Amino acid sequence: MDYTKLLSSKACGIQPSGIRKFFDLLDGRKDVVALTVGQPDFKTPWHIREAGIDSLTKGKTYYTANSGMMSLRNEISEYLNRRFSLSYNAEKEIIVTVGGSEAIDIAVRAMVDVGDEVIIPTPSFVCYEPIVSLAGGVPVIMETKREDDFKINAETLKSLITNKTKLLILPFPNNPTGAVLDRENLEEIASVLRDTNIAVLSDEIYAELTYDHVHESIASIEGMRERTVIASGFSKAYAMTGWRMGYCVAPAPITEQMYKIHQYAIMCAPTVSQYASVEALKNGDADIEMMKREYNRRRKYIISGLRNIGIDCFEAKGAFYVFPKIGDFGMSSDEFCERLLNENGVAIVPGTAFGKGGEGFARISYAYSVNHIAEALERIEEFIKDKR
């Protein structure tokens with residue numbers, strides 16, 4: 001069998017996840033303090049788990065509507081209005097997906113044709129560029145910079161737009177940098193896009209985890225709702241990563257096309273997870289606030305700790321990551337992280353896992369206890385001695 005002729009050139013052209021590649025180095029290690037995983041260390045709140053269990057005991061194990069249970073879509077609509085003042089029709093503008101990742105995938109496939117250009121800020125999460133490439137699109141990388149607080153520069157954005165530009169991806173609050181966009185930033189982006197036919201895919205999975213102001217979506221800006229797809233989910237806000245629950249919202253002409261892709265590829269999201277998610281949206285606001293307070297405590301602790309040991313650290317405003325500058329130690333990001341792991345037993349993720357713009361930085365997750373973070377900081381301090 002000649003697999004070079006059998007396999008898709010698009011699939012073969014995609015590089016494995018830089019995050020997963022680094023995680024492989026941890027295999028079999030017992031002495032490691034890991035600050036790598038973008039996953040809440042909280043258990044899913046009991047009342048949410050109980051709703052899922054109840055659905056199983058009552059035999060509610062059948063397919064739901066392809067777009068998700070109507071009761072869940074109604075709750076998503078109510079939640080978006082209550083928390084972010086966004087209005088979406090539950091019947092025609094909301095699709096329940098298998099995690100936020102599926103929402104991103106079907107949005108890209110519904111809008112991007114072969115040769116269409118998609119502007120992707122970097123550093124950013126690892127999935128956007130491969131998904132665009134698989135759809136036949138052309139990723140156009142827009143580097144965000146530390147001196148701009150890793151925000152999108154409107155003039156840079158404007159300079160990258162061509163007659164082939166179809167889509168802008170907005171991954172904010174940002175993984176890995178922790179950067180957020182305030183209303184002024186969103187207005188500047190909107191002013192660039194407003195007279196174009198360019199759509200926006202706004203990944204808002206960390207919307208509930210902003211610490212200095214309430215999250216605002218670009219869909220709330222005048223003239224932006226009609227061109228915006230919001231991808232989000234339950235993993236981060238409700239500590240529900242393993243339930244694999246997400247959703248996308250968009251104007252009906254876009255959701256109509258996303259729905260067809262979802263219908264053929266997925267059928268529907270897991271029924272038990274849908275019932276649990278209804279409970280999360282109805283009665284989970286207090287859970288969000290409790291976890292957010294604890295993340296904020298950890299955020300302040302780790303930023304202060306890194307600065308105290310002499311590492312420049314951008315003040316993350318959202319998500320649960322910090323993105324310290326490690327380029328002052330005479331090593332590439334990959335070398336720094338590999339040596340830190342091998343010599344002092346601390347695992348963090350090289351910034352290059354999130355694009356070329358991440359060189360000189362590393363991602364550290366603070367979805368861990370303060371004691372865990374404290375141990376890591378002690379080991380990092382020991383590692384960087386005499387390495388400048």
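**Exercise 1. State in which helix Tyr3 is found, and decide whether Tyr3 is buried or exposed.**

Solution. Tyr3 is found in helix 1, which covers residues 3–6. The model examined here is predicted. The relative accessible area of Tyr3 is 52%. Exposed means over 50%. Tyr3 is therefore exposed. Tyr3 also takes part in a nonpolar surface patch of about 500 Å², together with Met1, Leu6 and Leu7.

**Exercise 2. Compare the span of helix 5 with the expected span, and identify what the buried residues of this helix pack against.**

Solution. Step one concerns length. Helix 5 comprises 15 residues, 70–84, and reaches 21 Å from its first C-alpha to its last. This is close to the 21 Å expected at 1.5 Å a residue.

Step two concerns burial. The buried residues of helix 5 are Leu72, Arg73, Glu75, Ile76, Ser77, Tyr79, Leu80, Arg83 and Phe84. An α-helix has 3.6 residues a turn, so residues three or four places apart point the same way.

Step three concerns the partners. The buried residues of helix 5 pack against two strands and two helices: strand 2 (94–97), strand 8 (246–249), helix 11 (271–283) and helix 12 (285–308). After helix 5 comes Ser85, with a positive phi near 55°.

**Exercise 3. Describe the surroundings of Ile303.**

Solution. Ile303 lies in helix 12. With a relative accessible area of 5%, Ile303 is buried, because buried means under 20%. Leaving aside residues up to four places away in sequence, Ile303 touches Cys313, Phe314, Glu315, Ala316 and Val322. For Glu315, which is 12 residues from Ile303 along the chain, the C-alpha atoms of the two residues are separated by 6.9 Å.

**Exercise 4. Classify the aromatic pair of Phe150 and Phe314, and explain which parts of the chain it ties together.**

Solution. The structure holds 14 aromatic pairs. In the pair of Phe150 and Phe314, the centres are 5.2 Å apart and the planes meet at 85°. Planes over 60 degrees apart count as edge-to-face, and the pair is edge-to-face. Phe150 lies in the loop between strand 4 (138–143) and helix 8 (154–160), and Phe314 in the loop between helix 12 and strand 9 (321–322), so the pair ties together parts 164 residues apart in sequence. Phe150 is buried at 1% relative accessibility, and Phe314 is buried at 4%.

A further edge-to-face pair joins Tyr206 and Tyr321, with 5.8 Å centre to centre and 80° between the planes. Both of these tyrosines, Tyr206 and Tyr321, are buried. Ring pairs link them with Phe42, Tyr295 and Phe320 into a cluster.

Note on methods
Residues numbered from 1 in each chain as written. Predicted model: local features only at pLDDT ≥ 70, side-chain atom pairs only at ≥ 80, totals over all residues. Heavy atoms only, no water. Helix = DSSP H or I, 4+ residues; strand = E, 2+ residues; numbered from the N terminus. Expected span 1.5 Å × (residues − 1). Buried < 20%, exposed > 50% of the residue type's maximum accessible area, 1.4 Å probe, protein only. Contact = heavy atoms within 4.5 Å. Patch = residues over 30% accessible without salt bridge, like charges linked within 9 Å, V, L, I, M, F, W, Y side chains within 5 Å. Areas by Shrake-Rupley, 256 points an atom, 1.4 Å probe, with all protein chains shown as cover. Salt bridge = Lys/Arg side-chain N within 4 Å of Asp/Glu carboxyl O. Phe/Tyr/Trp six-rings, centres within 6.5 Å; stacked < 30°, edge-to-face > 60°.
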